[in-house]
Amino acid sequence: MLVLVAPGQGAQTPGFLTPWLDLPGVTDRLRDWSEAIDLDLVHYGTDAGEDEIRDTAVAQPLLVAAALVSAGQLFPTADDIVRRVGAAAGHSVGELAAAALTGVLSERDAMLLVRKRGLAMAEAAAVTETGMSALLGGEADVVLPHLEKLGLTPANVNGAGQIVAAGTMEQLAALAADKPEGTRRVVPLKVAGAFHTEHMAPAVSVLETAARELEPAAPRTRYVSNRDGAVVTDGADVVARLVGQVANPVRWDLCMETFKELGVTAIIEAAPGGTLTGIAKRALPGVKTLALKTPADLDAARELIAEHGDNTADTSAA
């Protein structure tokens, strides 16, 4: 069974969209979305520097656009995803890409919503200087109490020995100076706020208002939620989870457990891929993985789809 995943914030790098613009129709799609959300995706994906694309209001739409463009090269129609993909999920903002890929939202609605999400989270992040750091190594039963002692939130529980802590810069500095026992490294992330924590509560109300304008459909392919790894079969529930997830931890570890229970044999990560397949290699041994970084990866991805993408199982529930 093939699982399709979309990465979250921090995966972007300067110029990462440049090679994708050489493919037919990609520039036109990006320009259409750019006009709809009043953000020049082509510029930010090709010419902008690292500091510009670290901006939450820019990074989030850019990542969703990249996931949709790259996945669209492999699955040109919604029916292609239904036939070939057994489940889909996204990490944090990648969930909006997954919502579009599974048919819960139209691509345009997903782009409009992620633009509002990025702006609202950037505004919330500006209230207090906050950030996030990844802890590599260590056992959860040791790491989590240590974070609580420092007043930090385990904002991403990613599995495979990786937990991301979020909080004020003072709290993160204390963490860097006092790592939990067994933790090899504490790595500051290229994000501009403490996402998936109480610091993002103001953004939730903004998204609740925006969500009322949507008309979500039931997922046509299994949609696996960051909240608890559940397969969600109701479109309105997917959207409600997308809204609330902004201020709650990402449980990617539980998503991977669900993939395993469903019988995953291969994972493709949409552009800019690498982070989620890296975690999967450690957490899901024996599962084949492929990260879409540039169009040069598409042929290998098509071979993987041909081998693992015969989706004959019922996709309505776990």
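## A tour from pocket to sheet

Start with helix 13 (275-283), which supplies the largest share of the lining of the largest pocket, 5 residues. Helices here are DSSP runs of H or I with at least four residues, strands are runs of E with at least two, and both are numbered from the N terminus. Before you go on, note that this is a predicted model, in which local features need pLDDT of at least 70 and side-chain atom pairs count only at pLDDT 80 or more, while totals for chains, interfaces and linings use all residues. Residues are numbered from 1 along each chain as its sequence is written, and side-chain values use heavy atoms, with hydrogens and water left out.

**Stop 1: the largest pocket**

Keep helix 13 selected and add strand 3 (130-137), strand 4 (153-159), strand 5 (162-168) and strand 6 (183-188); each of these five elements gives at least two residues to the lining of the largest pocket. The space inside is about 660 Å³. To find the middle, pick Ala134, Gln162, Val164, Leu189 and Thr275, the closest to the centre among the 32 lining residues.

A pocket here is an open set of points on a 1 Å grid over the protein atoms alone, where a 1.4 Å probe fits, with protein on both sides within 12 Å along at least five of seven lines; lining residues have an atom within 4 Å of a point. Grid points are joined across faces, edges and corners, and the volume is the space filled by probe spheres set on the points.

Now colour the lining by class: 14 residues are nonpolar, 15 polar and 3 charged. In this scheme Ala, Val, Leu, Ile, Met, Phe, Trp, Tyr, Cys and Pro are nonpolar, Asp, Glu, Lys and Arg are charged, and the others, Gly among them, are polar.

**Stop 2: the second largest pocket**

Next, select Phe75, Pro76, Thr77, Ala78 and Glu107, which lie nearest the centre of the second largest pocket, out of 14 lining residues. Helix 4 (56-74), helix 5 (78-84) and helix 6 (94-101) are the elements that each give two or more residues to this lining. Helix 4 gives the most, 3 residues. The volume is about 200 Å³, and the lining has 8 nonpolar, 4 polar and 2 charged residues.

**Stop 3: strand 9 and its sheet**

Which strands make up the open sheet, and in what order? Six strands run in the order 8-7-2-1-9-10, with mixed pairing; two strands pair if DSSP finds at least two bridges between them. Strand 8 (231-232) and strand 10 are at the edges with a single partner strand each, so one side of each has no neighbour in the sheet.

Zoom in on strand 9 (residues 266-269). Strand 9 pairs in the parallel sense with strand 1 (residues 2-6) over 4 bridges, and also in the parallel sense with strand 10 (residues 288-291) over 4 bridges. Select Glu269 to see both connections: Glu269 is the bridge partner of Val5, and Ala291 in strand 10 is the bridge partner of Glu269.

In a regular strand the side chains alternate between the two faces of the sheet. In strand 9, Ala266 and Ile268 point one way, Ile267 and Glu269 point the other way, and all are buried (under 20% relative accessible area with a 1.4 Å probe, protein chains only).

Helix 13 from the opening view returns here: strand 9, helix 13 and strand 10 form a right-handed β-α-β unit. Right-handed means that, with the strands pointing away from the viewer, the path from the first strand over the helix to the second runs clockwise.

**Stop 4: backbone details**

Most residues other than glycine have a negative phi, and most peptide bonds are trans. Go to the loop between strand 9 and helix 13, where Pro272 is found; a cis peptide bond joins Ala271 and Pro272, with omega about -5°.

Then pick Ser92, in the loop between strand 2 (87-90) and helix 6. Ser92 has a positive phi of about 60° although it is not a glycine, and it is buried at 11% relative accessible area. His196, in the loop between strand 6 and helix 10 (201-211), also has a positive phi, near 60°. His196 is buried too, with a relative accessible area of 1%.

**Stop 5: an aromatic pair**

Finish with the 1 aromatic pair in the structure. The ring centres of Trp252 and Phe259 are 5.8 Å apart and the planes stand at 80°, so the pair is edge-to-face. Rings of Phe, Tyr and Trp (its six-membered ring) pair if their centres lie within 6.5 Å, with planes under 30 degrees apart counted as stacked, over 60 as edge-to-face and the rest as tilted. Both Trp252 and Phe259 are buried.

Definitions and conventions. Buried means under 20% relative accessible area, exposed over 50%, partly exposed in between (1.4 Å probe, protein chains only).
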